[in-house]
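Thank you all for making time this morning. I would like to walk through one structure with you, slowly and in order, so please have a look at it before I begin.

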Amino acid sequence: MLWGYGQRYVKYDLMGREIFNRELPSGYIDFSHSMDQAENGNYLLRVASANTKLPDGKNVRSVRDVIVEVAPNGEVVDDWKLYEILDPYRSTAILVLDQGAVCLNIDAKAAGKTFSHEDLAKMNSEGAFGDIAGTGVGRNWAHVNSVDYDQNDDSIIISSRHQNAIVKIGRDKEVKWILGAHKGWNDKFKKYLLQPVDSKGKKIVCEDEGSKCPGYENEKGGFDWTWTQHTAFIIDSKTNKDILYLAAFDNGDSRGMEQPALAEMKYSRAVVYKIDQKKMTVEQIWEYGKERGNKWFSPVTSLTKYMDDKNSIMVYSATAGMGYDLAAGKVLGAATPVIDEFKWGAKEPSVMIKFTGVGNGYQAMPISVDKAFAPKPKNK
């Protein structure tokens, strides 16, 4: 089992035996959200930079925007400094986020509130830095919550909650494609934006500068992007160099690049996309969640993951049922997480497990006891 906390990353077996428990490599800080072992044997950790110099000469710590790759022995192999690869000043998504539901910082008093351009300008003029939603290095502009490795072309796929975007980036640190609403990207990135298509390859037209596609409202069918999403995971067994299948949990805050008239209108989805990496198109081939409405809505965290052994999709709506009393400025009650598992392509779950009294969850995934305790192969 792999995980991290604060300034450490660890590996233990199911019986609690420590394989390693290490400090983050020098120069990197603040692990959270994602640690995965790639097919090349190395570990990908979502961290931040301990010291970055801004153009004005200030030195700051970055926030949730660096991926570091470490070898099994702990040596640093590579890193992706997203503030140098993407646009940390893209404010389009930041301005429509519900400030009461930012991962790791649930604040009911800020529920339903959004930032304005004046708020961002004030933050910049006052030099406010730290784990706060905002633009620019030293603020929570990206909030990367998952990293997955594509062995087909030696690249990574990251989920950036605060950009409402899933992005593929190569070993050369060049963007390969961006899965997300087209609104607000500068000219440098427009050529990487994926074009939504239907099952016949016909172009789907999305309104409001590519933010509102047919299907973004609470109705079945159509196409939609992901919004404040979590866990953009490759479905490896169905993916090759040209066609990539991707599963994600679309949390749904700021859907359509706006806050709805009523909080009760929000919903979450599990979604699977088929991406043609040559044609730069994306087709939505499966979704679930609209039918469950606001009771299944998870403002933060959660997971959608393909399980190869069962040819199924496992979905964890980790903060389902968490609602706000906007007038009183308080959380209505504890989350009631739900696990659903679907046969590939099924419209209804084969398994549903509901939890009560466990508080907020982050991720959930099955563990194979047989694999965990299988004899180690002898070295040849």
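Let me start with a question: which residue does the side chain of E287 meet in a salt bridge at 3.5 Å, N to O? The partner is K290, and before I go further I should say that what you see is a predicted model.

K290 is a buried residue, with a relative accessible area of 6%. E287 has another partner as well, since its side chain also meets that of R269 in a salt bridge, here at 2.7 Å from N to O. This second pair links distant parts of the chain, with E287 in strand β21 and R269 in strand β20, 18 residues apart. Both E287 and R269 are buried. If we follow the shared partners onward, salt bridges join D224, D250, R255, R269, E287 and K290 into one network.

That network belongs to a wider set, for a search of the whole structure finds 22 salt bridges. One of them is formed by K278 and D242, whose closest N and O atoms are 3.9 Å apart. K278 lies in the loop between β20 and β21, while D242 lies in the loop between β18 (230–234) and β19 (243–250), so this pair ties together parts that are 36 residues apart in sequence. Is K278 buried or exposed? At 66% relative accessibility, K278 counts as exposed, whereas D242, with a relative accessible area of 32%, is partly exposed.

While we are in the loop between β20 (269–276) and β21 (281–288), please find M280, which lies there too. M280 is not a glycine, and yet it has a positive phi of about 60 degrees. D208 is another residue with a positive phi although it is not a glycine, and its value is about 55 degrees. You will find D208 in helix α4, residues 207–210, and at 30% relative accessibility it counts as partly exposed.

From D208 I would like to turn to the cysteines. How many disulfides does a search of the whole structure find? The search finds one, and it is formed by C206 and C213, with their sulfur atoms 2.0 Å apart. For anyone who would like a reminder, a disulfide is a covalent bond between the sulfur atoms of two cysteines. The link of C206 and C213 is right-handed, with 105 degrees about the S-S bond. C206 is buried at a relative accessible area of 16%, and C213 also counts as buried, at 2% relative accessibility; the cut-off to keep in mind is that buried means under 20%.

Finally, let us move to the surface. Which residues make the nonpolar surface patch of about 830 Å²? They are M1, W3, Y5, L14, M15, I367, V369 and F373. Of these, I367 is found in the loop between β27 (351–354) and α5 (369–372).

There is also a negative surface patch, formed by E39, D236, D308 and D309. To locate one of its members, look for E39 in the loop between β5 (35–37) and β6 (43–49). E39 is partly exposed, with a relative accessible area of 41%.

If you keep one picture from today, let it be E287, whose side chain meets both R269 and K290 in salt bridges.

Notes:
Residues are numbered from 1 along each chain as its sequence is written. This is a predicted model: local features need pLDDT of at least 70, side-chain atom pairs count only at pLDDT 80 or more; totals for chains, interfaces and linings use all residues. Side-chain values use heavy atoms; hydrogens and water are left out. Patches are made of residues with over 30% relative accessible area and no salt bridge: like charges are joined within 9 Å, nonpolar side chains (Val, Leu, Ile, Met, Phe, Trp, Tyr) within 5 Å. Accessible areas come from the Shrake-Rupley method with a 1.4 Å probe; for residues, only the protein chains shown count as cover. A salt bridge is a side-chain nitrogen of Lys or Arg within 4 Å of a carboxyl oxygen of Asp or Glu. Helices (H or I, at least four residues) and strands (E, at least two) are DSSP runs, numbered from the N terminus. Lys and Arg count as positive and Asp and Glu as negative; His and the chain ends are not counted. The place of a charge is taken as NZ of Lys, CZ of Arg, CG of Asp or CD of Glu. Buried means under 20% relative accessible area, exposed over 50%, partly exposed in between (1.4 Å probe, protein chains only). A disulfide is a pair of cysteine sulfur atoms within 2.5 Å.
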